[in-house]
Amino acid sequence: MAEFTNPYAEEDPFVEAHFECLECGGKLWEYGIQRRMVCEDCRALFRTDEILEAQTS
Ligand SMILES: [Zn+2]
């Protein structure tokens with residue numbers, strides 16, 4: 001995938017992601033800087049790659 005600049009990154013580094021937490025099923029938010037996702041409920045931190053793999057297989 002090509003690198004691109006997130007236009008929202010300056011004001012809010014979190015972008016709503018349409019994935020569920022692997023721990024509690026809560027909503028995950030993508031943390032744009034390090035390609036991580038964080039759960040808004042339990043604050044579990046996942047790698048984006050890990051989430052994509054888990055939810056597309
Ligand atoms: Zn969670």
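**Group meeting: the β3–β4 loop and its surroundings**

Let's start with D41, which sits in the loop between β3 and β4. This is a predicted model, so keep that in mind throughout. Is D41 buried or exposed? D41 counts as exposed, because it has 12 C-beta neighbours inside 10 Å. The cut-off for exposed is 12 or fewer, so D41 falls inside that class.

Exposed, yes, but D41 still has partners. Leaving out residues up to four places away in sequence, D41 touches C21, C24 and G26. Take C24. D41 and C24 are 17 residues apart in sequence. In space, their C-alpha atoms are 7.8 Å apart.

Now the other end of that contact list, G26. G26 belongs to the loop between β1 and β2. Why does G26 count as partly exposed? Because G26 has 16 C-beta neighbours inside 10 Å. What does G26 touch, not counting residues up to four places away in sequence? On one side of the sequence, E20 and C21. On the other, C39, E40, D41 and C42. There is also a distance to A44. G26 and A44 are 18 residues apart along the chain, and their C-alpha atoms are separated by 9.8 Å.

Back to the β3–β4 loop, for R43. R43 lies in that loop too. The hairpin of β3 and β4 has 5 residues between the strands, and R43 takes a positive phi near 65° there. Now the general background. Most residues other than glycine have a negative phi. R43 is not a glycine, and its phi is positive all the same. R43 counts as exposed, because 11 C-beta neighbours lie inside 10 Å. C24 comes up again here. R43 and C24 are 19 residues apart in sequence and 9.9 Å apart in space, C-alpha to C-alpha.

Next, the strands around that loop. β3 covers residues 36–39, and β4 covers residues 45–47. The two pair in the antiparallel sense, over 3 bridges. Which residue stands opposite V38 in β4? That is L45.

β3 also pairs with β2, residues 27–31. That pairing is antiparallel, with 4 bridges. Two residue pairs to look at. E30 has M37 as its bridge partner in β3. Y31 stands opposite R36 in β3.

Now faces. In a regular strand the side chains alternate between the two faces of the sheet. Look at β3 first. M37 and C39 are on the covered face of β3. R36 and V38 are on the uncovered face. Then β2. L28 and E30 make up the covered face of β2. K27, W29 and Y31 make up the uncovered one. Put that beside the pairs. E30, on the covered face of β2, bridges to M37, on the covered face of β3. Y31, on the uncovered face of β2, stands opposite R36, on the uncovered face of β3.

One residue from the helix. A54 is in α1, residues 48–56. A54 counts as exposed, because it has 12 C-beta neighbours inside 10 Å. A54 and L22 are 32 residues apart along the chain. Their C-alpha atoms are separated by 8.4 Å.

Zoom out to the whole chain. How many helices and strands are there? The protein chain has 1 helix and 4 strands. From the N terminus, the order is β-β-β-β-α. Of the 57 residues, 9% are buried. On contacts, consider residues at least 6 apart in sequence. Of those contacts, 8% join residues at least 24 apart.

Last, confidence. The chain averages a pLDDT of 80, and 72% of the residues score at least 70. Which element has the lowest mean pLDDT, and which the highest? Strand β1, residues 14–20, has the lowest, at 77. β4 has the highest, at 92.

To recap, D41 and R43 share the loop between β3 and β4. Both count as exposed. D41 touches G26, in the loop between β1 and β2.

Note on methods
Residues are numbered from 1 along each chain as its sequence is written. A residue is buried if 20 or more other C-beta atoms lie within 10 Å of its own, exposed if 12 or fewer, and partly exposed in between; C-beta atoms are placed from the backbone. Two strands pair if DSSP finds at least two bridges between them. Two residues are in contact if their C-beta atoms, placed from the backbone, lie within 7 Å. pLDDT is the predictor's confidence in each residue, from 0 to 100.
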